[in-house]
Amino acid sequence: MSIEDARTRPAVLLNPLEGDPTDADSHIGGPLLWPIDEPWPWCDGETHQPGSGGEPFVGAVQLYRSDFPELPFPEGTDVLQVFLCTLHHDVPHARGPAVRLVWRDSTTVVELIEEEPQPSAQVEAYVPTVNVLEPIRYAERESKASGGTKIGGWTAWRQSAPVEFPCPDCGAAQRQTLSLATHEPSGDDVEWEFGRGGNLNVFTCPADVRHPISAHVG
Ligand SMILES: [Zn+2]
Ligand SMILES: [Zn+2]
């Protein structure tokens, strides 16, 4: 591998556009494929600022393998569901919403949840508008990391020095898998805001994406 290759990673800009997706689509802010017999993700509220008790997570992003084969889907799964707890969380590197990932096998979902639980309170800045995705694939150079919503690629360190996240389970250096942006290159913003016009970056373990994740706001 040349030095040039080492500085280049595949990336996919999700390129959100206002739309009307279903649970069978990849999207931001639309309905999730969630089975009626599985508990909805819940934030225990331990790091809420100020302490305000537990709240349900909010379905933020859904990405099907058929649309985004670049994502590191564990064997037997074909959809990634990204949840945010849309309250302020007071944690190092990630003052903002809490993040949870669910890797699911869509073929096992028979009956859908009737209504997604709604938090009793939300920070408006963390609530997405409803968008379909028009992905743009490219090779991203480290020196030109896009600040748009994307999978793969490099972290755009804008508001902090680079941070390394070792996996809490196995110690491997976690890698940025998903970045959610305040500002899209297209100008069609999702109307959420992380930090001061920054990004919510999600890091996963290269050995096993189901190991604990790290989040970074900057
Ligand atoms: Zn929370
Ligand atoms: Zn790990």
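Zinc sites and the antiparallel sheet

The zinc ion (ligand 1) is held by four protein donors, namely Cys 43 (SG), His 48 (NE2), Cys 85 (SG) and His 89 (NE2), at 2.0 to 2.3 Å. These values, like every value reported below, refer to a predicted model. The 4 donor atoms of the zinc ion (ligand 1) form a tetrahedral site, with angles of 102 to 116°. Along the chain, the donors of this ion are spaced as C-x4-H-x36-C-x3-H. His 48 is located in the loop between strand S4 (42-43) and strand S5 (55-56), whereas Cys 85 belongs to strand S7 (residues 79-89), so the pair ties together parts that are 37 residues apart in sequence. His 48 and Cys 85 are both buried.

The zinc ion (ligand 2) has as its protein donors Cys 167 (SG), Cys 170 (SG), Cys 205 (SG) and His 211 (ND1), which lie 2.1 to 2.3 Å from the ion. The arrangement around the zinc ion (ligand 2) is tetrahedral because its 4 donor atoms subtend angles of 102 to 119°. The sequence spacing of the donors of the zinc ion (ligand 2) is C-x2-C-x34-C-x5-H. Of these donors, Cys 205 has a relative accessible area of 1% and is therefore buried. His 211 is also buried, at a relative accessible area of 18%; the cut-off for this class is under 20%.

An open sheet is formed by 6 strands in the order S10-S1-S11-S12-S13-S14, with antiparallel pairing. Strand S10 (136-141) and strand S14 (214-217) are the edge strands, each of them pairing on one side only. On average, and with direction ignored, neighbouring strands of this sheet are turned by 20° against each other. Within the sheet, strand S11 (residues 150-152) pairs with S12 in the antiparallel sense, over 2 bridges. Lys 150 is placed opposite Ser 179 of S12.

Several residues of the sheet were examined individually. Thr 177 is part of strand S12 and is buried, because its relative accessibility is 8%. Beyond its neighbours within four places in sequence, Thr 177 is in contact with Leu 71, Pro 72, Lys 150, Ile 151, Gly 152, Val 202, Phe 203 and Thr 204. Among these partners is Lys 150, the residue that stands opposite Ser 179.

Leu 180 is likewise found in strand S12. With a relative accessibility of 0%, Leu 180 counts as buried. When neighbours within four places in sequence are left aside, the contacts of Leu 180 are Val 61, Thr 149, Trp 192, Phe 194, Gly 198, Asn 199 and Leu 200. The C-alpha atoms of Leu 180 and Gly 147 are 8.7 Å apart in space, while the two residues are separated by 33 residues in sequence.

In strand S13 lies Asn 201, which is buried at 1% relative accessibility. The side chain of Asn 201 is joined to that of Ser 179 by a polar contact of 2.6 Å. Apart from neighbours within four places in sequence, Asn 201 is in contact with Thr 155, Gln 176, Leu 178, Ser 179, Ser 214, Ala 215 and His 216. Ser 179 thus appears twice in the description of the sheet, as the residue opposite Lys 150 and as the side-chain polar partner of Asn 201.

Backbone conformation was also considered. Most residues other than glycine have a negative phi. Against this background, His 93 has a positive phi, near 70°. His 93 is situated in the loop between S7 and strand S8 (96-104), and its relative accessibility of 42% places it in the partly exposed class. Glu 191, another residue other than glycine, has a positive phi near 75°. The loop that holds Glu 191 runs between strand S12 (175-181) and strand S13 (199-204). Glu 191 is exposed, with a relative accessible area of 59%.

Technical notes. Residues are numbered from 1 along each chain as its sequence is written. Chains are lettered from A and ligands numbered from 1 in the order in which they are written. This is a predicted model: local features need pLDDT of at least 70, side-chain atom pairs count only at pLDDT 80 or more; totals for chains, interfaces and linings use all residues. Side-chain values use heavy atoms; hydrogens and water are left out. Donors are N, O and S atoms within 2.8 Å of the metal (3.2 Å for Na, K and Ca); water is not among the atoms, so sites may look incomplete. Four donors count as tetrahedral if all angles lie between 85 and 135 degrees; four count as square planar and six as octahedral if opposite donors are over 155 degrees apart and all others between 65 and 115; anything else is irregular. Buried means under 20% relative accessible area, exposed over 50%, partly exposed in between (1.4 Å probe, protein chains only). Helices (H or I, at least four residues) and strands (E, at least two) are DSSP runs, numbered from the N terminus. Contact means heavy atoms within 4.5 Å. Two strands pair if DSSP finds at least two bridges between them. Axes are lines fitted to C-alpha atoms, for helices over the stretch in contact, and angles run from 0 to 180 degrees between N-to-C directions. A polar contact is a pair of N or O atoms within 3.5 Å; within protein, one must be able to donate a hydrogen and the other to accept it, and residues adjacent in sequence count only if both atoms are side-chain atoms.
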